[in-house]
Number of protein chains: 2
Amino acid sequence: MVLSSVTLREVANEAGVHVSTASRALNPETRSIVNEKTARRVAAAAERLGYRPHPLARGLRTNRTLTVGITVPDLLNPVFPLLYAGAETSLRDQGYSLLVGAGDDPANPVAASGILIDRHVDGLIMANAHIHSSLPQMASNQPVPTVLVNRTTDSIDAPSIACDDHAGIGLIVRHLVELGHTDIAHIAGPQDISNGVIRKQAFVAWMHSEGLDTPPELIVETNGFHTAEGRKACKRLLDSGARFTAIVGANDLIALGCYDTLAERKIKVPADISVTGFDDMAFIDRVNPPMTTVLVPFYEMGALAGQVMLSLLTSDDSGAGTLPTSTRLRPVLKTRGSTAPPAGS
Amino acid sequence: MVLSSVTLREVANEAGVHVSTASRALNPETRSIVNEKTARRVAAAAERLGYRPHPLARGLRTNRTLTVGITVPDLLNPVFPLLYAGAETSLRDQGYSLLVGAGDDPANPVAASGILIDRHVDGLIMANAHIHSSLPQMASNQPVPTVLVNRTTDSIDAPSIACDDHAGIGLIVRHLVELGHTDIAHIAGPQDISNGVIRKQAFVAWMHSEGLDTPPELIVETNGFHTAEGRKACKRLLDSGARFTAIVGANDLIALGCYDTLAERKIKVPADISVTGFDDMAFIDRVNPPMTTVLVPFYEMGALAGQVMLSLLTSDDSGAGTLPTSTRLRPVLKTRGSTAPPAGS
DNA sequence: CCAAAAACTGCAATCGAATGCGTAAGATGG
DNA sequence: CCATCTTACGCATTCGATTGCAGTTTTTGG
């Protein structure tokens, strides 16, 4: 396809009508206003000249950019490109493009979204919310239509799409219990991120419901969902002297960090200690040993976020109407080689 | 930071000047035209009101969007987020945002860039070029300033930044030869993509320079740089009955596909057959066995592409001036566990 | 056959910022 | 002290499309 700088005025001339008529003829919303034959003539002229509406001119007038922003904490974690791809497919059909903002600074949680909002995105899909994140408000009046995805927060009143982390941890805990584990440790994510909090609480809850204990020394927290944090936390766990036969990592990267630390200390996974992750990120089924984890449907989450965003954008009632929905997608246990019965059994 | 819908007119009123003066005072290019004290008064007013220029209004007038498009073949291959991140850091400082377009359809190579160009990006970073890709031209006159990265093509006259694939294959071949391999197979990438062609040619050239033969049955081609393609190609290789002790994959994913097929047939890597990849993508050092490959500096390539783009965008001479540069970054051999001396030695 | 209503289409303002051009105020100089 | 040149600023147009309003034509109905 070829982009020209053909203007609506030229199309109008070609069709022998006024630009306003041409505008209405070309806009599906207003096509009915203009005589059908005229509309066809305009459409033909537009086609012939290769007319493409100028997005800036249109946006300036209509105050809409057909652009949606998406903020992710970290593009290098392969789950976020998945999320992006899902959202992109939902939105592209309706003519929307996605602007990405990456960043996960708790001190300045809206740094990424700020740039996007400055660019007048029509909506914002936030995948990097912190517990206390607030939305950058337009000083004028209305906030940008927002959808929370992946992470949630009560401090932003917006529809949210996430994984049912509680259920996911349940799958993991029950799996380990069925294998015979009773002394299970948890390396929790940051406690200013919903997933970190929920997974930790779920861990405690499920352990108790299995009649198992969760001594404080078997729960350590990290400052980020990263490999390096997992390595450090695993060391703390081992150095505490506490006994345990399995580690529930708050996500795959943290669990990968455990792999590193355990390997360093000649502790075998899963023979000596079982390790589990969370997310089922790409290639995690190929690491050594293949990691038992819980699949989080990131692509679907992104796609759903895109659809919800579309409904926000097309709903005429600006915000006041439908109350925010809260969707939780079902996780799936992926049993692989990083879990086995405890050494004693 | 807060976005307001404060208009330049309001700033001008607040400062007691005309909008044109306010405009000039706020624009670094023209600040010198206006009295310094006035300029400061305007700047203060803008600050006080929280003025942010409206990107659409500005863009409409100046015909620049401060947006650069980047097209990648596949966001789910982790090397492309890396590339993106590199470009993003280079461009963000100068106020540019990146619009991503993903797609790798040879039949419609410019599908992704079409959307971007329709959105009036100021420049285009293409990472998904095919050998015969042509640039979507503006019907008017000038093409969009373009930088080729990762893949190159002669059919687009633009600066290019890529990896020195020839040298990279040399590192691999010499490594295998040093281990004692003489019967080495190559699974080539698609031959309508520069990397596929160059790596294949380089493989032949380096083998010959090592005094080794490259019988045609030991070179198979794929239709994409994907795992599934690698699996299929590896099967063809094995089914041909030809003897070989090592496989040089055109990239990491293809080599991963070899892992699968070889495992399926109980052939051990590297004991029976050595396998090598290309790219050193994330987590490839953690697969089983850790893959010997060649590091391609994607982040740096992206960063460089961003810088070259900036120089294109800021050079006043529109295209006619500096001739396209062609940069090749140096790859680095990563020796890991997927290569070993051949079985017989 | 005429009045009223409906159906089309054109006019002109508007979105917000940038900029060529003209002009008034101040500086310089002879 | 007046002519000339700067320096600073304002006026008005422009970018390309959308849209309220008004005007014209056609249709409908009585």
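**Exercise 1.** Of the atoms of DNA strand D within 4 Å of the protein, what percentage belongs to sugar or phosphate, and to what does the rest belong?

*Solution.* The model is a predicted one. Counting the atoms of DNA strand D that lie within 4 Å of the protein, one finds that 61% belong to sugar or phosphate, while the rest belong to bases. Individual polar contacts can then be assigned to these parts: a phosphate oxygen is 3.0 Å from a side-chain N or O atom of A:Arg58, and another entry concerns B:His18, whose backbone N or O atom lies 2.8 Å from a phosphate oxygen. For the bases, a side-chain N or O atom of B:Ser20 is 3.3 Å from a base nitrogen of the strand.

**Exercise 2.** Describe the composition of the protein surface near DNA strand D, and state which helix gives the most to it.

*Solution.* Begin with the 24 residues around the strand, among which A:Leu8, A:Arg61, B:Thr21, B:Asn35 and B:Thr38 come nearest. By residue class, the surface divides into eight nonpolar, 10 polar and six charged residues. By helix, at least two residues each come from helix 2 (19–26) and helix 4 (55–62) of chain A and from helix 2 (19–26) and helix 4 (55–62) of chain B, and helix 4 of chain A gives the most, with four.

**Exercise 3.** Determine whether B:Ala25 is buried or exposed, and list its contacts beyond four places in sequence.

*Solution.* B:Ala25 is found in helix 2 of chain B. Because its relative accessible area is 0%, B:Ala25 is buried. Leaving aside neighbours within four places in sequence, B:Ala25 is in contact with B:Arg31, B:Val34, B:Ala39 and B:Val42. The C-alpha atoms of B:Ala25 and B:Val42, although 17 residues apart along the chain, are separated by 6.6 Å.

Notes. Residues numbered from 1 in each chain as written. Chains lettered and ligands numbered in written order. Predicted model: local features only at pLDDT ≥ 70, side-chain atom pairs only at ≥ 80, totals over all residues. Heavy atoms only, no water. Near = heavy atom within 4 Å. Polar contact = N/O pair within 3.5 Å; in protein donor to acceptor, adjacent residues only side chain to side chain. Nonpolar A, V, L, I, M, F, W, Y, C, P; charged D, E, K, R; others polar. Buried < 20%, exposed > 50% of the residue type's maximum accessible area, 1.4 Å probe, protein only. Contact = heavy atoms within 4.5 Å.
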